[in-house]
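Dear colleague,

Please find below the structure that I am handing over to you, together with its sequence. My findings follow directly after it.

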Protein chains: 4
Amino acid sequence: MFIHRHKVQFYETDLMGIVHHSNYLRFFEGARVEWAHARGILDYQEPGSASHLAVFESQVKHLKPTFFGDELGVAVQGRREGNRIIFEYRLYGRNNEICAVGKTVHVPLGLDLKLIRIPADIKAVLEKEQWTETWL
Amino acid sequence: MFIHRHKVQFYETDLMGIVHHSNYLRFFEGARVEWAHARGILDYQEPGSASHLAVFESQVKHLKPTFFGDELGVAVQGRREGNRIIFEYRLYGRNNEICAVGKTVHVPLGLDLKLIRIPADIKAVLEKEQWTETWL
Amino acid sequence: MFIHRHKVQFYETDLMGIVHHSNYLRFFEGARVEWAHARGILDYQEPGSASHLAVFESQVKHLKPTFFGDELGVAVQGRREGNRIIFEYRLYGRNNEICAVGKTVHVPLGLDLKLIRIPADIKAVLEKEQWTETWL
Amino acid sequence: MFIHRHKVQFYETDLMGIVHHSNYLRFFEGARVEWAHARGILDYQEPGSASHLAVFESQVKHLKPTFFGDELGVAVQGRREGNRIIFEYRLYGRNNEICAVGKTVHVPLGLDLKLIRIPADIKAVLEKEQWTETWL
């Protein structure tokens, strides 16, 4: 299981004293990007790389709040579904409890923001990934 | 229909030249907060007010990208479902096209972040709201 | 005096219950962009426009905190200094009190992020601007 | 020299393809918070701790842009000046080049946002810190 680490920053909190919910999509992105880089399908210097897997849909479900200074772990798994790519996330907070789960659906876009086919190297990577059906 | 206006800021864009997807949850929040204030159930100075309708679930579906300088309109509708509150959103961009739709589910929390019952004034407001079933 | 209006959003607060200081640079940018658009030197659709007045230096001084729901006014004035452009800001909060002042220094960059000369149309606009020396 | 590490996230970029300037104040905060935690004067769970060293002034000077995926290093040094605390920052980007320098001035606030005296433990820590006068 691929795990991305993130320490909650002061500026990610809101006046309720907890992490603002919009940041969870950013934590998921952090996990997805690190995963894609680890798999060799995202080159930070190359704008036509996997950074162009545009977000088509996102879902987040919050189970417990997270707090300033928490050391989060974001587990991620990905698979292909036709010309879309699905990622699922589990976000672990204090005491390793699951604080949020989520899902994003992506479509590959060219530099002109038009739909393309999923590149072969990304397809190949996704075929080798493990996927647990009942994860969320 | 309640419409919140937001002009896309430079800092809301990302290196693909479009609005970063995490900002849509912020635009939805802007609409929800303005709606709650207009209905008299959110007092900005009062921490125990509707700002404590914590986000339990969120969903966003992106249909078209939005861009720097776009004058967005975010339509919002809300209803109660037991002890939860549901909001649905339509985000209009250039040429008044629907660029995104979304939904958030909220639970009322006390200042100690523990679940409470939906306050009577919020209930009363929601009973008078119109709700279109097939909106998204 | 050019004034940009901004209503403080929930997501702009932090766990101290006030607006996070990094947002002030965003409020200043909002004022600067709106000013440039009003003066006809920023075209939102054109990446080679005044959006490329890159920030070289910034300074903010906080006098009073600002809060969720505050209706801020950000006054801005600009002038040229050789090949640089200086903007100064006054941020008004509740009861029209000055809550922050600031300054940004900009250099014109081409699309390749290399230094260019200030375009003639921007120069012409700045020559007509009023500048109050003892503003901050 | 205390160094805080930060990997540039996709959502920290803007449509110019570089890190948005407002994020540098967030990177500085990340360094300052980590420094304070390492020195034992910031307890993440305790709202009356050093998180209440409110930002009074900030300055940033940008020397080179930073980019998506860059592994930043933020060096920080702090000292006391009467009832204020000064932090200075050097931000290192690609090839270990200095991309930005900055300074923040802080005042200690109580939970009611009123000025207090710098707590003795923070004073003691700052007296032991090294300070290089010509750092920026």
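Chain A of this predicted model contains two helices and five strands. Along the sequence these elements follow the order β-α-β-β-β-β-α. The radius of gyration of chain A is 15 Å, close to the 14 Å that the globule rule gives for 136 residues, so chain A is as compact as a globular protein of that length. Taken along the principal axes, the box filled by its C-alpha atoms is roughly 45 × 30 × 25 Å. Of the 136 residues in chain A, 40% are buried. If one considers the contacts in chain A between residues at least 6 apart in sequence, 67% of them join residues at least 24 apart.

I turn next to the contact between chains A and B. Here, 18 residues of chain A are in contact with 18 residues of chain B. On the side of chain A that touches chain B, helix H1 (22–38) and strand S2 (53–62) of chain A each supply at least two residues. The largest share comes from S2(A), with eight residues. By residue type, this side of chain A divides into nine nonpolar, six polar and three charged residues.

Strand pairing also links these two chains. S2(A) pairs with strand S2 (residues 53–62) of chain B in the antiparallel sense, over five bridges. As an example of a bridge, Glu57(A) has Lys61(B) as its partner in S2(B).

How are chains A and B related by superposition? A rotation of 180° with 0.0 Å of shift along its axis lays chain A on chain B, with an RMSD of 0.0 Å. The two copies are thus related as by a two-fold rotation axis. The residue of chain A that comes closest to this axis is Gln59(A), whose C-alpha lies at 2.2 Å. The same surface serves both copies, as 100% of the contact residues of chain A recur in chain B.

Chain B also meets chain D. In this case nine residues of chain D are in contact with nine residues of chain B. The side of chain D that touches chain B is made up of four nonpolar residues, four polar residues and one charged residue. Chain D is superposed on chain B by a turn of 180° and a shift of 0.0 Å along the axis, with an RMSD of 0.0 Å. In chain D, Asp14(D) has the C-alpha nearest the axis, 2.0 Å from it. Of the interface residues of chain D, 100% are also interface residues in chain B, so these copies meet through the same surface.

Within chain D, helix H1 (residues 22–38) merits a description of its own. H1(D) has 17 residues and reaches 25 Å from its first C-alpha to its last, close to the 24 Å expected at 1.5 Å a residue. Is this helix buried or exposed? Of the 17 residues of H1(D), 14 are buried, so the helix is largely enclosed by the rest of the structure. Just after H1(D), Gly40(D) adopts a positive phi of about 80°.

Two individual residues may also be of interest to you. Val101(D) is found in strand S5 (residues 98–108) of chain D. With 18 other C-beta atoms within 10 Å, Val101(D) is partly exposed, since the buried class begins at 20. Leaving aside residues up to four places away in sequence, Val101(D) touches Lys61(D), Tyr89(D), Arg90(D) and Leu136(D). Its C-alpha atom is separated by 18 Å from that of Glu34(D), and the two residues are 67 residues apart along the chain.

The second residue is Leu113(C), which lies in the loop between strand S5 (98–108) and helix H2 (120–128) of chain C. Leu113(C) has 13 C-beta neighbours inside 10 Å and therefore counts as partly exposed, because the exposed class ends at 12. Leu113(C) and His52(C) are 61 residues apart in sequence, while their C-alpha atoms are 8.4 Å apart in space.

Yours sincerely

Conventions
Residues numbered from 1 in each chain as written. Chains lettered and ligands numbered in written order. Predicted model: local features only at pLDDT ≥ 70, side-chain atom pairs only at ≥ 80, totals over all residues. Helix = DSSP H or I, 4+ residues; strand = E, 2+ residues; numbered from the N terminus. Rg over C-alpha atoms; globule rule 2.2 N^0.38 Å. Contact = placed C-beta atoms within 7 Å. Least-squares fit on C-alpha atoms with pLDDT ≥ 70 in both. Nonpolar A, V, L, I, M, F, W, Y, C, P; charged D, E, K, R; others polar. Pairing = 2+ DSSP bridges. Expected span 1.5 Å × (residues − 1).
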